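Here are my notes on the model you asked me to look over. I've kept them as numbered points so you can follow along with the structure open.

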Amino acid sequence: MLSEMEKRILRILSQNLLLTKSELARKLDKDEYDGTHASVSKLMELGYIEEVESLGTCLVITQKGMRALRGE
């Protein structure tokens, strides 16, 4: 079961597709990224998001993450 913060992260990534960790933190209205670190780590372990290199390290949502967001 995903927490509200994890669902919010998936929603943001599904809308933007490619975000740096600092951009994600700003969209979550957090001053620092480390407040969301545990949620991001869990989503990565579940295979819902991945890190990619594109002008720095960015986060992307996977197909598995999109299905989880839709509730399939």
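**Notes on the model**

1. Let's start with Leu 43. Leaving aside residues up to four places away in sequence, Leu 43 touches Leu 2, Glu 6, Ile 9, Leu 10, Tyr 48 and Ile 49. Keep in mind as you read on that this is a predicted model. Leu 43 sits in helix H3, and with a relative accessibility of 0% it counts as buried. If you want a distance to check on screen, try Leu 43 to Lys 64: the two are 21 residues apart in sequence, and their C-alpha atoms are 10 Å apart in space.

2. Next, the core. The largest nonpolar core has 14 residues. Leu 43 is among those with the most contacts inside this core, along with Ile 9, Leu 10, Leu 13, Leu 24 and Ile 49. At least two core residues come from each of H1, H3 and strand S3 (57-61). The biggest contribution is from H1, which gives 4 residues.

3. Leu 10 deserves a look of its own. Its contacts, again not counting residues up to four places away in sequence, are Leu 2, Leu 43, Tyr 48, Ile 49, Ile 61, Gly 65 and Leu 69. Leu 10 is also one of the H1 residues in the contact with H3, which brings me to the helix pair.

4. How do H1 and H3 pack, and at what angle? Helix H1 covers residues 4-16 and helix H3 residues 37-45; the angle between them is about 70 degrees and their axes are 10 Å apart. Angles of 65 to 115 degrees count as roughly perpendicular, so that is the label for H1 and H3. On the H1 side, the contact is made by Met 5, Glu 6, Ile 9 and Leu 10. On the H3 side, Ser 39, Val 40, Lys 42 and Leu 43 do the job. Sorted by type, the residues of this contact come out as 5 nonpolar, 1 polar and 2 charged.

5. Ser 39 is worth clicking on too. Ser 39 lies in helix H3 and touches Met 5, Glu 6 and Ile 9, with residues up to four places away in sequence not counted. Is Ser 39 buried or exposed? The cut-off for buried is under 20% relative accessible area, so Ser 39, at 12%, counts as buried.

6. Now for Glu 6, a charged residue to zoom in on. Glu 6 is found in helix H1, and at 5% relative accessibility it counts as buried. Apart from residues up to four places away in sequence, Glu 6 touches Met 1, Ser 39, Lys 42 and Leu 43. With Lys 42 there is a salt bridge between the side chains, at 3.5 Å from N to O. Glu 6 lies in helix H1 and Lys 42 in helix H3, so this pair ties together parts that are 36 residues apart in sequence. Lys 42 is partly exposed, with a relative accessible area of 31%.

7. How many salt bridges are there in total? The count comes to 3. Besides the Glu 6 pair, have a look at Lys 21 and Glu 51, where the closest N and O atoms of the salt bridge are 2.6 Å apart. Lys 21 lies in helix H2 (residues 21-27) and Glu 51 in strand S2 (residues 49-53), so this pair ties together parts that are 30 residues apart in sequence. Lys 21 is partly exposed at 26% relative accessible area, and Glu 51 is partly exposed at 37%.

8. There is also a salt bridge between the side chains of Arg 11 and Glu 4, with 3.5 Å from N to O. Arg 11 is partly exposed, with a relative accessible area of 37%, whereas Glu 4 is exposed at 53%.

9. Last one, Arg 70. You'll find Arg 70 in helix H4 (residues 63-70), and this residue is exposed, with a relative accessible area of 55%. For another distance to try, go from Arg 70 to Ile 9: they are 61 residues apart along the chain, and their C-alpha atoms are separated by 13 Å.

Terms used:
Residues are numbered from 1 along each chain as its sequence is written. This is a predicted model: local features need pLDDT of at least 70, side-chain atom pairs count only at pLDDT 80 or more; totals for chains, interfaces and linings use all residues. Side-chain values use heavy atoms; hydrogens and water are left out. Axes are lines fitted to C-alpha atoms, for helices over the stretch in contact, and angles run from 0 to 180 degrees between N-to-C directions. Angles under 35 degrees count as roughly parallel, over 145 as roughly antiparallel, 65 to 115 as roughly perpendicular and the rest as oblique. Contact means heavy atoms within 4.5 Å. Buried means under 20% relative accessible area, exposed over 50%, partly exposed in between (1.4 Å probe, protein chains only). A nonpolar core is a set of buried Ala, Val, Leu, Ile, Met, Phe, Trp, Tyr and Cys residues joined through side-chain atoms within 4.5 Å. A salt bridge is a side-chain nitrogen of Lys or Arg within 4 Å of a carboxyl oxygen of Asp or Glu.
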